[in-house]
Amino acid sequence: MEATNTQMKTVVFDDAIVRAFSIVTVVWGIVAFLAGAWIAAALSFWQVNLDLEWLSFGRLRPLHTNAAIFAFVGNGMFAGIYYSTQRLLKVRMANDFLSWANFWGWQLVIVLAAVTYPLGLTQSKEYAELIWPIDLLVVVVWVVFAINFFWTLAKRNEKNLYVAIWFYISTIVTIAVLYIVNNLQIPTSLTHSYPIFGGVQDALVQWWYGHNAVAFFLTTPPLGLMYYFMVKAAERPVYSYRLSVVHFWSLIFLYIWAGPHHLLYTALPDWAQTLGMIFSVMLWAPSWGGMLNGLLTLRGAWDKLRTDPVIKFFVVAVTFYGMSTFEGPLLSIKSVSALGHYTDWIIGHVHGGALGWNGFMTFGILYWMWPRLYGTKLWSKRLAEWHFWFATIGILMYIVSMWVSGVSQGLFWRAMDAEGYLMYPDFIEGLTNSRAMYATRLAGGVLYLASAFLLVWNLIMTAKQGSPATVSIQVPAKRAEGDKESAWKLLTSAPMLFIGGILVLAIWFGASGGLLSPVLLAVLIVVFVAGIISYGLHQRKWGEWYGLVERHALVFTILALVAILIGGAVEIIPTIIVSEKVPMNITAEMIEADPELAETAKWLQKPYTPLELAGRDVYVSEGCYTCHSQMIRPFRHEVLRYGDYSRLEESLLDFPFQWGSKRTGLDLARVGGKYDHLWHYLHLMDPRSTSPASNMPTYTHFKTKTLDAAVYVGRMRVLAKLGVPYTDEDFARAEARFAQQGQEISDYLSEKGVEVAPNSELVAVIAYLQQLGKTNELPQPATPVEAPAPEAAPAEGEATTAALETAPAGE
């Protein structure tokens, strides 16, 4: 940059990094869509697995979801942020090396994920399956991105932060918090670890992360990009600045509370479920406010919808955003969740957001941005139109088929006859009734995949007819002072004190009880009314205050961080405290003192034996949670089908939890003891031998792979650090117990004519499945032995009662 005679300087934008991210966006998009089509085919035709462990649904499903979210949408997000940030802040990215470190680091993460998932190396946590060394790499890359972004903010030549930048800031800080907390773990080896949270704690933390990964990776970045690229394409200003302010702050504050709606009717405490549902329903308002702000930005430009394919992509993307953010709160209502959860309806909902909202937004950005990166026009608008219609038809076929399949599954599972018993007791009947919808889903997915190749060809030809463009602008040599005001002064001003006071009092009121609640409610109302009056009397000053906050990047970031931390802390900390209070060893004396502990003792989970732990780890590595839940909800139809409903105490020692979120197969929470070892053997070797209509892949590799007992002794020691009540005696006897239990199962199968090694994965998985859901016998009090009362000598020819009872037969 060089200053001119008129005290101006030239800023040359770094668009090479944007081109790089745009290219890999398309490449990884094809990979994600191809993986999705493959596993969709596997659900219709189990033979697609080719009897190879690396191609099973449980291993490829995380590859598809991660490729779609972090590779396709993620790289598209980086491309859009790097392009728009430089132009909004009128400055080149702070450091070229950091930009390229972000690029190559992110691609390395994606390649490692693509290698490890098919190998069965996974944490088995949705959208967070990466093993711990790759998690560390993700954190490093994200920190590099954050440093580069905030450094650029500090160097900016534009004092005001445009609305798109707000969403980028919230994304960066929130994803950092979510990812680090959800991936706190203790390694047991280079490729394996256990999370520090277990059971209900892990479930809540996981879905606090899982839901908000959707919020802050698949929602806030595309919204920021919408506020930039849609405005540029329409050549119209944002419809309402005030609406964008309300949209942003209400969205990031409310979204973070909504995670528990993924756990309705589970063993999660009721208060957390209700809180998640309420905040999810409240999300309707800010979500639709953002959608309307986007669509109304096109006022006066709707004629472009006929002629410009970019506007078509943007309009459909925002429409899908509105549809998804209507459907999400709807599904969070308990009565609706009771029907839709665990069904294909959820799959349709997720794809409407990921491929409808995110996919179409990414396509629109690429079509608008790519020609400008090469200093030319789009090669073929007609081809882009064809892409639009093929993709639209494809995604609608996908979503509608999953809606129909999901609702029919929910109704099928809960159908009862006049006597109150299951009308369709065989679970597999529901699966066979969805076959046509699965075929429709596959056809829609293939059409969406095919449409992406039209994008590839169009972008290649566009690049060929142009050349990489270098864009520069003139800015004043003296940098704009956007952060001039004192951060402390802004954070302690009257508006901030009112807002902070209301939040503190609201949380305190929610956590309090007894006589304190009415007092806090009264104070809360007074402070709230005082805040409204203050705003009414000093509206201009409040507006000036927010204008100063908007220019102060540090203060803005702090406020965004506080907004997202509140909800997580309020939900997670009490849940951890409650589950930690459950005693791990309940004695008869404790039950006598507190009879309510009898119910807890009955369901309290026992530590896994070494062989059961090995089988569980194999189960986790295969991604079995993608098709099987381990959480029976308290509904009559579920209790009749699977067994007694699940309790919080049953999974406290599960690291990670395996409650699942989809039932393509039966719930396994009570499968222990329901079938013999031979049935499980046959089912794993060839599922069609026990369930002729099953679409489950075969697991023949379980029979040939063996396990080392010593490995699981080390893992038991790690679990002991996490609170699992293993003793020194358990460690000392672990290898012998491993061999003994394995031999018992192997001998049983041998008697049935099946030879299996006692240390095989197959035997370990059977051991794990056979203990699921078994209840405990209540501990009995130790009865003191009393001296027997002296008895009179029996008459001649008579015998005592005790003697008669113990006498051998015939005497």
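This report walks through a pocket, a cavity, a helix pair and some backbone oddities in a predicted model.

Let's start with the second largest pocket, which holds about 830 Å³ of space. Its lining runs to 44 residues, and those nearest the centre are His628, Gly665, Leu666, His683 and Met696. Sorted by class, that lining comes out as 25 nonpolar, 13 polar and 6 charged residues. Where does the second largest pocket sit relative to the domains? Domain 1 (10-160) and domain 3 (588-777 + 795-805) both contribute lining residues, so the pocket lies between them.

Six helices each put at least two residues into the lining of this pocket: H1 (16-44), H2 (57-89), H16 (427-433), H26 (636-642), H27 (677-685) and H31 (761-771). The top contributor is H27, with 4 residues.

Now for the enclosed space. The model has 8 cavities of 30 Å³ or more, and the second largest cavity has a volume of about 100 Å³. Of the 15 residues around that cavity, Gly76, Met77, Leu225, Thr362 and Ile365 are closest to its centre. Helices H2, H7 (220-234) and H14 (344-373) each give two or more residues to its lining, and H14 gives the most, with 6 residues. No charged residues turn up there: the lining has 11 nonpolar and 4 polar ones.

H2 is worth another look, as it helps line the second largest pocket and also the second largest cavity. Its axis comes within 11 Å of the axis of H4 (residues 132-154), and the two cross at roughly 15 degrees. Angles under 35 degrees count as roughly parallel, so that label fits H2 and H4. The crossing of H2 and H4 is left-handed.

Finally, a few backbone spots you may want to find in the viewer. Leu50 and Lys90 are non-glycine residues with positive phi, and the loops that hold them are those between H1 and H2 for Leu50 and between H2 and H3 (96-116) for Lys90. The peptide bond joining Phe655 and Pro656 is cis, with Pro656 placed in the loop between H26 and H27. Those two helices also appear among the elements lining the second largest pocket.

Here are the backbone angles together:

| Site | Angle |
|---|---|
| Leu50 | phi near 60 degrees |
| Lys90 | phi near 55 degrees |
| Phe655 and Pro656 | omega about 0 degrees |

Technical notes:
Residues numbered from 1 in each chain as written. Predicted model: local features only at pLDDT ≥ 70, side-chain atom pairs only at ≥ 80, totals over all residues. Heavy atoms only, no water. 1 Å grid on protein atoms, 1.4 Å probe; cavity = no way out; pocket = protein on both sides within 12 Å on 5 of 7 lines; lining within 4 Å. Points joined across faces, edges and corners; volume = space filled by probe spheres on them. Nonpolar A, V, L, I, M, F, W, Y, C, P; charged D, E, K, R; others polar. Domains from an automatic or database assignment. Axes fitted to C-alpha atoms, helices over the stretch in contact; angles between N-to-C directions. Parallel < 35°, antiparallel > 145°, perpendicular 65-115°, else oblique. Left-handed = near helix turned anticlockwise from the far one by under 90°.
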